[in-house]
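Me: I have a model open on my screen and would like to walk through it with you. Could we take it one question at a time?

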Amino acid sequence: MTVTPSISINDGNLVVHGKTILTGVPDNIVLTPGSGVGLMAGAFIGASAEHSKSLHVFPVGVLEGLRFMCCFRFKLWWMTQRMGTCGKDIPLETQFMLVESKDTTEGENDDAPTIYTVFLPLLEGQFRAVLQGNDKNELEICLESGDNAVETSQGLYLVYMHAGMNPFEVIYQAVKAVEKHLQTFHHREEKNLPSFVDWFGWCTWDAFYTDVTAEGVEEGLKSLSSGGAPPRFLIIDDGWQQIGNEVKDTANIVVQEGAQFANRLTGIKENEKFQKNAKTNEQVPGLKIVVEEAKQNQNVKFVYVWHALAGYWGGVKPAAAGMEHYDTALAYPVQSPGVLGNQPDIVMDSLAVHGLGLVHPKKVFNFYNELHAYLASCGVDGVKVDVQNIIETLGAGHGGRVSLTRAYHQALEASIARNFPDNGCIACMCHNTDGIYSAKQTGIVRASDDFYPRDPASHTIHISSVTYNSLFLGEFMQPDWDMFHSLHPAAEYHAAARSVGGCPIYVSDKPGNHNFELLKKLVLPDGSVLRAQLPGRPTRDCLFVDPARDGVSLLKIWNVNKCTGVVGIFNCQGAGWCKVAKKTRIHDASPGTLTGSVQATDVDGLVRVAGPDWNGETVVYAHRSGEVTRLPKGASLPVTLKVLEYELFHFCPIREITESISFAPIGLLNMFNSSGALEQFEVHLASGLFNGEVASEPSASLGETRPPPATIALKVRGCGRFGAYSSQRPLKCTVGDSEADFEYEPATGLLTFTIPVPVEEMYRWPIEIQV
């Protein structure tokens, strides 16, 4: 029998499941079927040219009349999202694209299934491919080495395509197929997540910026702990290192403004701001004292420190005392045309003039290993490695951008494996495929541009960018949504989003500037957090609409907990990256109030969580309104939000215990991720039951004297007001060894009782409810 591939080129058309995606495909474009994972679902796009060059632009075909969503680098460091319907809408530096079409293999009809096709531009040898569009609506592949001496005339595996009916499965399968093909990276599921992700943290950056001191670290930790939100992990951000100012007087104002970015590392140890407390004992490094005091006096479990991939923003000072053996040389960055066509960057303006001290790639493992070994000797548990994409601009003379990036990443990961056994690394300013497809070990990735406390344009686009970027980045690492301020006009908005992001949760509050009422919705008394299970991603009906710019769409983010699903819904309208101004700006100063809806099927993984016997009914708990609703299968709930407003909906699958009794635990009602507290849910039927029914007179089940048909056994983490749905009043509730007083609302079925503060960390309360 002949199996027809789902992706093919027929008569100059690129066809997916019978539907033409691209027309006018040139003769120099070739399609190679994928192998292994999803054999018939995937294919590689290749291209050839007449002459060898270090940079090629290959038109692939015309895209018109199909909705797509893509992630592109709007500046050197970071991606954001763009939606469109034709080739000219595809931005420069597009690294991920998802296209919507219909399966027309059985002919054109309205109820034909929707097909989702993902395009992943890849690395091939020393070259990196990226997508872009042109004014003729052609999709183009831009292929470059980043080194004029590294040339080619062709590539057979430049873009991987994969198609199917579930967009999240299509993306997963595509990345797994590319993992098998490239063998240079690992999928997120195969990586160890560092332990800090389940604990609340504090970062020094927005509190102190580079003025951070040993005393400031102590003050910040004490300030949060005193209000009942104890940080258990600490990031000492930029400002602790020994650096030298390399900038000479210049008349160039732009370069002067960015002068701090030309500073270079002059030693691997801490600077004098962290050495003051070591004066009495010259044998103990100041950094070690800071770390020990944080862990012993403030019960911090994990301490991370910041460094740039090149050492510092301006690299390492050539021939600095004690660092001569790194063979550092000045290099001058050259950005790719795609990056230059998007947002200019003050860092690059400065470094293009002053240069960067680049450690020789053959010596960079020694550099990382000596730096990390010193940090580990001071009790440091990991590093936030920033400014990563600078390396792609320095490939000339080193075999190109891919070769140099891979050399640096391999050295970094080898050093982290040797010195930080908990895989202690956060990757930052790193949204290029050179690095993403070279990461075999790194498990945490900052998923968008920074939280900017003083930029009103940044808050809504921050939430939407992380969400859409996570469709791609979340296959490689657990997305990190960045720090935020708990005392800020947009604090609740940011906090709610992080509660459904599956991400580490940490703030950067200045000492004394906290909203503890807000923080206690995120942080339990032991300093742990209720983290959702997966990367938070947009719901299926949000994939191709634009909740930042279209003026009509709300953003919905789905995730799962161990026993439930959760959907966060946000009004993100009014601001985004502008391709004309080439910066993030407010384009609508007063976006309107919007209405949308949510339903259980918005949570893509809910069926797997609920189990095979689930009938599709849920109980929905809305966090802000406090409303509890029993929702039949297929039904939806309306929601109306102003800009910078949100709601969190917890979808709790109902379990039918008998014909007259159904039950669904919700969780800790006062927490943002309420249902994240629920670790286990079991039903133990009483003896004498047949097919779930009580073998006794029907009337006996109606009175309070009835024997309990079943006992609900739960394991719950945390403390506070616990809620569950029960179709009839329970007989008894037990928390730990003690019977608990409970309240029951017959109108809604809401059962509530209080769980006390546990003595042990991460304690899971055993709870029994007799129904």
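Me: How many residues does helix α3 have, and what distance does α3 reach from its first C-alpha to its last?
Reply: Happy to start there, and please keep in mind that this is a predicted model. Helix α3 covers residues 214-226, which makes 13 residues. At 1.5 Å a residue the expected reach is 18 Å, and the helix comes close to that. From first C-alpha to last, α3 reaches 19 Å.

Me: Which residues of α3 are buried?
Reply: Here a residue counts as buried when its relative accessible area is under 20%. In α3 that list includes two glycines, Gly 216 and Gly 220, along with Ser 223. The others are Ala 214, Val 217, Leu 221 and Leu 224.

Me: Which elements do the buried residues of α3 pack against?
Reply: Both strands and helices turn up among these partners. The strands are β15, β16 (233-236) and β26 (506-507). The helices are α2 (205-208), α5 (286-297) and α13 (516-519).

Me: Which residue with a positive phi follows α3?
Reply: Look just past the helix for a glycine. Its phi is near 90 degrees, and the residue is Gly 228.

Me: What is the volume of the largest cavity?
Reply: The model holds 4 cavities of 30 Å³ or more. For the largest cavity, the volume is about 80 Å³.

Me: Which element gives the most residues to the lining of the largest cavity?
Reply: The lining includes Ala 214, Val 217, Glu 218, Leu 221 and Lys 222, and also Val 290, Glu 293, Ala 294, Asn 297 and Gln 298. Two elements, α3 and α5, each give two or more residues to it. With 5 residues, the top contributor is α3.

Me: How many residues of that lining are nonpolar, polar and charged?
Reply: Glu 218, Lys 222 and Glu 293 are in the lining, and Glu and Lys count as charged. The full division for the largest cavity is 5 nonpolar, 2 polar and 3 charged.

Me: Is Asp 11 buried or exposed?
Reply: Asp 11 sits in the loop between β1 (7-10) and β2 (13-16). Its phi is positive, near 50 degrees, although Asp 11 is not a glycine. Because its relative accessibility is 80%, and the cut-off is over 50%, Asp 11 counts as exposed.

Me: What is the relative accessible area of Gln 183?
Reply: Gln 183 is another residue other than glycine with a positive phi, about 55 degrees. You will find Gln 183 in the loop between α1 (167-182) and β15 (201-203). Gln 183 is exposed, and its relative accessible area is 58%.

Methods:
Residues are numbered from 1 along each chain as its sequence is written. This is a predicted model: local features need pLDDT of at least 70, side-chain atom pairs count only at pLDDT 80 or more; totals for chains, interfaces and linings use all residues. Side-chain values use heavy atoms; hydrogens and water are left out. Helices (H or I, at least four residues) and strands (E, at least two) are DSSP runs, numbered from the N terminus. Buried means under 20% relative accessible area, exposed over 50%, partly exposed in between (1.4 Å probe, protein chains only). The expected span of a helix is 1.5 Å times one less than its number of residues. Contact means heavy atoms within 4.5 Å. On a 1 Å grid over the protein atoms alone, a cavity is a set of points where a 1.4 Å probe fits but cannot get out, and a pocket is an open set with protein on both sides within 12 Å along at least five of seven lines; lining residues have an atom within 4 Å of a point. Grid points are joined across faces, edges and corners, and a volume is the space filled by probe spheres set on the points.
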